[in-house]
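Take a walk through this fold, one element at a time. Keep the sequence and the 3D view side by side.

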Amino acid sequence: MVDNRYATALVIGSVLSLLATVYLSVAMGTQNWYLYHSQPASNDVNNGSDLQGLRQDFEGEDVDERSYSVALFRLNGTLGLWWRCILVPRSSHWFKEPDVIMVTKCQAFTLAQQWESKFKSPGNINSGEDLLRTYLCKCQFLLPLVSVGLVFLAALIGVCACLCRSVTPTLFVGILHLLAGLCTVATVCCFLAGVHLLHEISELPEGMDYSPGWSLYLALISSPLQIMAAALFIWAARSHRQHYTRMTAYRVA
C-alpha cells in the first residue's frame, strides 16, 4: 500500500512531467527561439532585387550559413532549433504597391545542415572550422531529443511500477527526470551561446534589434518543471522506503 502523501507526490510529479514534456515539445517544433527586427526596406527596384535574391538563397536546401543568416538579419527573421523563417512581401512587385502585405516564409533545417561544420567566417570553408560553434550546434540538436527520450523512458518505468504495485522504481524515474531537466537547460545554453558567437563574427545590419522568443522561454519553463517532478519522485521513493524499513523493524521487534 502507498501512503496518501506519497500518492499525492506521485500524482503532482506526473502532472508536472506532462506539462514539461508538452512545453518542450512545442518549443522544439516552433521557430520563435530568437527574433530579429530590422529596419523597413526602401521601396526601390535595386533594393527589391536584392531582397528577392536573399529570399531565393534563404529557401534553398543547400544554402550556406552566411546566406540564411543575412536573410534572417535583414528580413525580420525568426530562428528555432529546427526552423528558420523570414518576413517577405507576398507580391514580387511589392516596391510598386502602396500597401505591402507581408507573409512568413519558413524553411526547415535539413539533417545535413544540423550536422555540418561551422566555420570561423560563416559560409567560408577556407576560414577554418570553428569547433566550438560546431559542437554547440550539434548539442542543441541532440540534447532536446535526449531530454524527451529520458522522460518517455521514465514514463515506461512508472507504468511498470504501477503494474507491479511498487514505489521503488520511482527513484529511477526521478533520476531520469533530473537528467532530462539538465539536458533542457543545456539545450538553451548551447543555443544562446551559438547565437551569440554567430553575432560576434557576422556583420549585423545597422539598426537591427534582436531578442529571445517565446519558444525559448517555453523550454526554460519546462526545465524547472522537470526538476521539480524529479524532486517529488525521489522524495516519494526514499520516504516510502524509510517508512517501509521502520514498519518492518517494528513488526520484527
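At what angle do α5 and helix α6 pack, and how far apart are their axes? The angle is about 160°, and the axes lie 8 Å apart. This is read from a predicted model. Because angles over 145 degrees count as roughly antiparallel, α5 is roughly antiparallel to α6. The crossing of α5 past α6 is left-handed. Now look at what lines the contact of α5 with α6. Its residues divide into 23 nonpolar, 7 polar and 1 charged. Helix α6 itself covers residues 170-201.

Step back to the whole chain. The protein chain holds 7 helices and 5 strands. Along the sequence, their order is α-β-α-α-β-β-β-α-α-α-β-α. The chain has 253 residues, and 41% of them count as buried. Next, consider the contacts in the chain with a separation of 6 or more. Residues 24 or more positions apart account for 74% of these contacts.

Go now to helix α1. It runs over residues 4-29, which is 26 residues. From its first C-alpha to its last, α1 reaches 38 Å. That is close to the 38 Å expected at 1.5 Å a residue. Which residues of α1 are buried? They are Y6, A9, G13, L16, S17, A20, T21, L24, A27 and M28.

Some of these buried residues lead straight to a partner helix. In α1, S17, T21, L24 and M28 meet α5. On the α5 side, the residues met are P144, L145, S147, V148 and V151. The contact of α1 with α5 divides into 6 nonpolar residues, 3 polar and no charged. The geometry comes next. α1 and α5 pack at an angle of about 155°, and their axes are 11 Å apart. Why is this pair called roughly antiparallel? The label applies to α1 and α5 because an angle over 145 degrees earns it. α1 passes α5 in a left-handed crossing. So α5 takes part in two packings, one with α1 and one with α6, and each is roughly antiparallel.

Stay with α5 and pick out G158. This residue sits in helix α5. Is G158 buried or partly exposed? G158 has 22% relative accessibility, so it counts as partly exposed; the cut-off for buried is under 20%. G174 is 16 residues away from G158 along the chain. The C-alpha atoms of G158 and G174 are separated by 9.9 Å.

Move back along the sequence to E116. It is found in the loop between α4 (111-115) and α5 (131-164). E116 is partly exposed, with a relative accessible area of 27%. How many residues along the chain lie between the positions of E116 and T134? They are 18 residues apart, and their C-alpha atoms are separated by 7.5 Å.

Finish at T78, in strand β2 (residues 78-79). T78 has 13% relative accessibility, so it counts as buried. What is T78 in contact with, leaving aside its neighbours within four places in sequence? Its contacts are Q31, N32, Y34, L35, L72, W83, R84 and C85.

Technical notes
Residues numbered from 1 in each chain as written. Predicted model: local features only at pLDDT ≥ 70, side-chain atom pairs only at ≥ 80, totals over all residues. Heavy atoms only, no water. Helix = DSSP H or I, 4+ residues; strand = E, 2+ residues; numbered from the N terminus. Buried < 20%, exposed > 50% of the residue type's maximum accessible area, 1.4 Å probe, protein only. Contact = heavy atoms within 4.5 Å. Expected span 1.5 Å × (residues − 1). Axes fitted to C-alpha atoms, helices over the stretch in contact; angles between N-to-C directions. Parallel < 35°, antiparallel > 145°, perpendicular 65-115°, else oblique. Left-handed = near helix turned anticlockwise from the far one by under 90°. Nonpolar A, V, L, I, M, F, W, Y, C, P; charged D, E, K, R; others polar.
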